[in-house]
Amino acid sequence: MTYIAKPRLHHPTLTPNKVGYTRRDYEGKVSTLCAGCGHDSISAAVVQACWELDIEPHRVAKLSGIGCSSKTPDYFLGASHGFNSVHGRMPSVATGANLANRDLLYLGVSGDGDSASIGLGQFAHAMRRNVNMVYIVENNGVYGLTKGQFSATADKGSKSKKGVVNQDSPVDLVGLAMQLGASFVARSFSGDKAQLVPLIKAAMGHGGAAFIDVISPCVTFNNHAGSTRSYDWVREHNEAVSRIDLILGRQEITVDYAPGEVIDVEQHDGTTLRLKKLHTDYDPTDRVAAMAYMQGHAAKGELVTGLLYLEAEAGDLHAAQHTSARPLNSLGTADLCPGAAALERLNASWR
Ligand SMILES: Cc1ncc(C[n+]2csc(CCOP(=O)(O)OP(=O)(O)O)c2C)c(N)n1
Ligand code: SF4
Ligand SMILES: [Mg+2]
């Protein structure tokens, strides 16, 4: 519970990373979520990814909306910046913060209710503007915080805990992100840390909107037979199309796969993303083919996971808008009020 403070003691055997922090330094408060909730596994994956990436916690800004999922930024990166916004409004707050200061790493955490219902318009615009951020949806198919109503991502025909059959078609956030122009689109499962941690690391190095839909079972309201977001269902239907490794600049790149199986992509932050294709017919660099593949497999009831689409050189919102490279709060009066001649030139450029 939050009133039980975590002891600040550090175990002497915890290994520090390159910037001197142990894994413990990337944790947050004690979680108040239900024991076994998938969201807690995602928090643990974020902690692991940031520790492995040697990120200084004060360089991260965590943003969220409302929901059990949106509470989770309190449970990781306790020394980072944080903003818990209004239900569904995380993307616009993240967009504004990112425009004001591009030096931070933006990590948005949301739920399927938060992003696919009340925040769907906000989600769409963050994706189409390619805001440089990691956008994680902790997708459990229900509104966990308000006691388990179907969310907009619940599959048609799936059953609630009390046996009610969902009559509505699902919103597919992965398909939408691809269609709207996100340059990094992935899906994973909270129970597959081996897949999720490298995906989060790769997303943090990506220079644009990096969307990860993480299926995250709600053990209290959506983990029964008839649900398509339960631990058992996801394990039985998970079809991974790719595995990725992130190669940091200092690591040697060794070739241990057959030609054609692997794609190496230089990332925005100088790391190399090694993408291993598990299905030879899947091309994660072809947006249209990837969308068709996803829809075909969804129709067969398969849940495709992995890095699904990547456009490494897409350029983000700052590149499109030619915004200031310096954080706005570091600009002085001369930069902010450049005078009548500059205003005249600007007005002339729009005539
Ligand atoms: C404007 C507004 N409308 C409705 C609510 C009530 N509400 C709180 S959380 C939530 C849904 C949360 O679902 P989701 O985003 O899927 O998160 P989960 O709890 O499942 O992780 C709703 C409808 C609210 N807090 N604010
Ligand atoms: S209600 Fe569901 S989503 Fe919320 S904490 Fe409990 S298990 Fe997790
Ligand atoms: Mg939910």
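**Ligand surroundings and core of the predicted model**

Of the 18 residues that surround ligand 1, those coming nearest are Gly67, Ser69, Gly111, Gly113 and Gly144. The structure described here is a predicted model, and the contributions to this shell can be traced to elements of secondary structure. At least two residues of the shell around ligand 1 are supplied by each of helix H2 (68–71), helix H4 (112–118) and strand E5 (142–143), and H4 gives the most, with four residues. In terms of residue character, the shell around ligand 1 divides into six nonpolar, nine polar and three charged residues.

The surroundings of ligand 2 were examined in the same terms. The residues around ligand 2 include the cysteines Cys34, Cys37, Cys68 and Cys218, together with Leu33, His39, Asn140, Gly144, Leu145, Val219, Thr220 and Phe221. Gly144 is thus found around ligand 2 and is also among the residues that come nearest to ligand 1. The shell around ligand 2 is made up of eight nonpolar and four polar residues, and it contains no charged residue.

Part of the chain carries an annotation in a database record. UniProt, in an unreviewed entry, lists residues 66–214 as "domain: Thiamine pyrophosphate enzyme TPP-binding". Over residues 66–214 the chain is 35% helix and 23% strand, and the C-alpha atoms at the two ends of this stretch are 17 Å apart.

The interior of the protein was considered next. The largest nonpolar core has 75 residues, and the residues with the most contacts inside it are Cys50, Val134, Val185, Ile200, Ala209, Phe211 and Leu308. Helix H1 (residues 38–52) provides the largest share of this core, namely eight residues. Cys50, when residues up to four places away in sequence are not counted, touches Tyr26, Ile55, Val60 and Leu77. A second core, separate from the largest one, has nine residues, among them Cys37, Cys68, Tyr143 and Ala154; of these, Cys37 and Cys68 also appear around ligand 2.

At the level of the whole protein, 12 helices and 13 strands are present, and buried residues make up 45% of the 351 residues. Among the contacts with a separation of 6 or more, 72% are accounted for by residues 24 or more positions apart. Along its principal axes, the C-alpha trace spans about 70 × 50 × 45 Å. The radius of gyration is 21 Å, which agrees with a compact globule, because a globule of 351 residues would have a value near 20 Å.

Key. Residues numbered from 1 in each chain as written. Chains lettered and ligands numbered in written order. Predicted model: local features only at pLDDT ≥ 70, side-chain atom pairs only at ≥ 80, totals over all residues. Core = buried A, V, L, I, M, F, W, Y, C linked by C-beta atoms within 7 Å. Buried ≥ 20, exposed ≤ 12 C-beta atoms within 10 Å, placed from the backbone. Contact = placed C-beta atoms within 7 Å. Rg over C-alpha atoms; globule rule 2.2 N^0.38 Å. Near = placed C-beta within 6 Å. Nonpolar A, V, L, I, M, F, W, Y, C, P; charged D, E, K, R; others polar. UniProt positions renumbered as here; feature names shortened; annotations may be inferred.
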